[in-house]
Amino acid sequence: MKYFVTEDAIKKVKKKLEKSNIDYQIVKNIKDIYEIKDRAIIFTINKGKFLMPCPGTPKYICCGYYVLAPVENCPYNCSYCILNAYFNDRHIRIYVNTDDMIKEMEKITNAKQIKRIGTGEFSDSMFELGARIYAEPLLEFFNKNRNIYLELKTKGRNILECFLESKHKNIIFSWSINSKTVNEYEEKGTSAIDERINSAKMVISKGYPVSLHFNPIIEYEGWEKEYGEVIDLIFKQLDPQAIKWISLGTLRFIPKLKDIAESFHSETKIFDNEFILALDGKKRYFRKKRTEIYKIIYEMIRSHSKDVFVYLCMENDDVWFDVFKTRMNDKKLKGLMDDQLRK
Ligand code: SF4
C-alpha cells in the first residue's frame, strides 16, 4: 500500500505518521494521485463537510441519523459496495483537520434531543489508520455530549481499545451481518461472521450496546437456511437485551454499480436476479420478493426474541405494513429508535 500526504495536511499529521513509521510521499494536490491504479491512502484536508443528515433515499423511510465522514473509501472489497459507484476512485482519504470536524459537530449539540451519528457510511468505522487520527477528538466530543450517540459500524473483528473507554457508553458498536456464502464470496477482505459476533459479545461484556445490520440481504439458492444459521448463532452468543436494534435491507443499487462492480468482481452473481427500477432510481428486488424475505427473517428473529427492535432500512410504508402490519414514517421511526436508547 502506498501512502501520500497533501502539502496542506502535512503539518497536522507529520508527528503521527512518523510515530507509526509510515513511509509517505508528499503531493501538492490530491489530483496528483488519481492516475495511480492501486488503492492508496491519502492523508489530506477536508474542504467540504464532515457531517450531514443521512441522505436517505427519496420516497423511502429513513431513521433520521447523521453521517460523519472523517474517512472516505474503505480497505475492504465488497462486490456490492456502493462506494465504488459513489466515488471516482478507490483511494482512501483520511481527513486530518479533525478540529474542523468537531466544530461542525458542535453545531448540532444545542437541542436536548437524542441524536445518532454514524461513521460507517463512507468507510469502515474500525479502519485503524483512519480511527487513529480522529478517535481522540471524537471521544472527547461524545464524552461531553451524552445525548448524542456514536454508531460505529464495521465488518471487522478488531475493536480499537480507545473506543471502549467512553465515559457515558454512548457508543453503539455495530456490525454488518450476512450469510456465510455472501460473506465468503462477496465481502472480500472482511472478517468472518462468527468473528464479528464474537467481537460483539466482547463489547457487550464491557457494558456497551450493539446493533446488527442485515444489509444487503441477498437472495440465492439456499439463502433461507444460511441466514437462519446466522440468526441462531447471534442469539446463541449475544444477550438480546444488549442489542439495540437489528436492521433489514435487501440488495439495492444504482444501475451504474453493476458494471463497475463486475469490472472488479467478475465472478459475482448477485446482479443475476430480477430487479425493478424503484422510485428512488435504485434497482431492487420486486416488492413481493422483498416482503417475503423480510417476513422470513423477521420470523426467524422473533423465534429467538420477542422484544429486540427490528426495522427496515430504506423501505417504503407499504412494505413496512406488509411485514409488520403497522404504518411507518421518518419521524415515527426516529422516535422508536430514540426510545431504544432511553432504555
Ligand atoms: S465494508 Fe462497507 S464500505 Fe467497506 S467495501 Fe464493504 S460495503 Fe463498502
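## Exercises on a two-domain predicted model

The centres of domain 1 and domain 2, taken over C-alpha atoms, lie 28 Å apart. Keep in mind as you work that this is a predicted model.

**Exercise 1. Find the bounds of the two domains, then describe the side of domain 1 that touches domain 2.**

Solution.
- Start with the bounds: domain 1 covers 1–44 and domain 2 covers 46–342.
- Next, count the contact: 12 residues come from domain 1 and 12 residues from domain 2.
- Now look for the elements on the domain 1 side: helix 1 (10–19) and strand 3 (40–44) each give at least two residues.
- Strand 3 provides the largest share of that side, five residues.
- Finally, sort the residues on the domain 1 side by class: eight are nonpolar, one is polar and three are charged.

**Exercise 2. Trace the eight-stranded sheet and explain why its edge strands each have a side without a neighbour.**

Solution.
- Write down the order, 4-5-9-10-11-13-14-18; this sheet is open and its pairing is mixed.
- Read off the edges: strand 4 (51–53) and strand 18 (310–312) each have a single partner strand, so one side of each has no neighbour in the sheet.
- Add the twist, which averages 25 degrees from one strand to the next.
- Zoom in on one pair: strand 5 (residues 66–68) and strand 9 (residues 115–118) run parallel and are joined by two bridges.
- In this pair, V67 sits opposite G118 of strand 9.

**Exercise 3. Which strands do helix 9 and helix 11 meet?**

Solution.
- Take helix 9 (residues 287–302): it lies across strand 13 (210–217), strand 14 (243–250) and strand 18, at about 155 degrees to strand 14.
- Then take helix 11 (residues 330–342), which packs on the sheet and touches strand 10 (148–154), strand 14 and strand 18.
- The direction of helix 11 makes about 145 degrees with that of strand 14.

**Exercise 4. Work out the five-stranded sheet and the pairing of strand 6 with strand 8.**

Solution.
- The order is 2-1-3-8-6, in an open sheet with mixed pairing.
- Strand 2 (24–27) and strand 6 (71–72) are the edges; each has a single partner strand, so one side of each lacks a neighbour in the sheet.
- Strand 6 and strand 8 (residues 92–95) run antiparallel, joined by two bridges.
- Here E72 faces R93 of strand 8.

**Exercise 5. Which residues surround the ligand, and how do they divide by class?**

Solution.
- List the shell: C74, Y76, N77, C78, C81, L83, S123, D124 and K155.
- Sort the shell: five residues are nonpolar, two polar and two charged.

Notes: Residues are numbered from 1 along each chain as its sequence is written. This is a predicted model: local features need pLDDT of at least 70, side-chain atom pairs count only at pLDDT 80 or more; totals for chains, interfaces and linings use all residues. Two strands pair if DSSP finds at least two bridges between them. Helices (H or I, at least four residues) and strands (E, at least two) are DSSP runs, numbered from the N terminus. Axes are lines fitted to C-alpha atoms, for helices over the stretch in contact, and angles run from 0 to 180 degrees between N-to-C directions. Two residues are in contact if their C-beta atoms, placed from the backbone, lie within 7 Å. Domain bounds come from an automatic or database domain assignment. Ala, Val, Leu, Ile, Met, Phe, Trp, Tyr, Cys and Pro count as nonpolar, Asp, Glu, Lys and Arg as charged, and the others, Gly among them, as polar. A residue is near a molecule or strand if its C-beta atom, placed from the backbone, lies within 6 Å of it.
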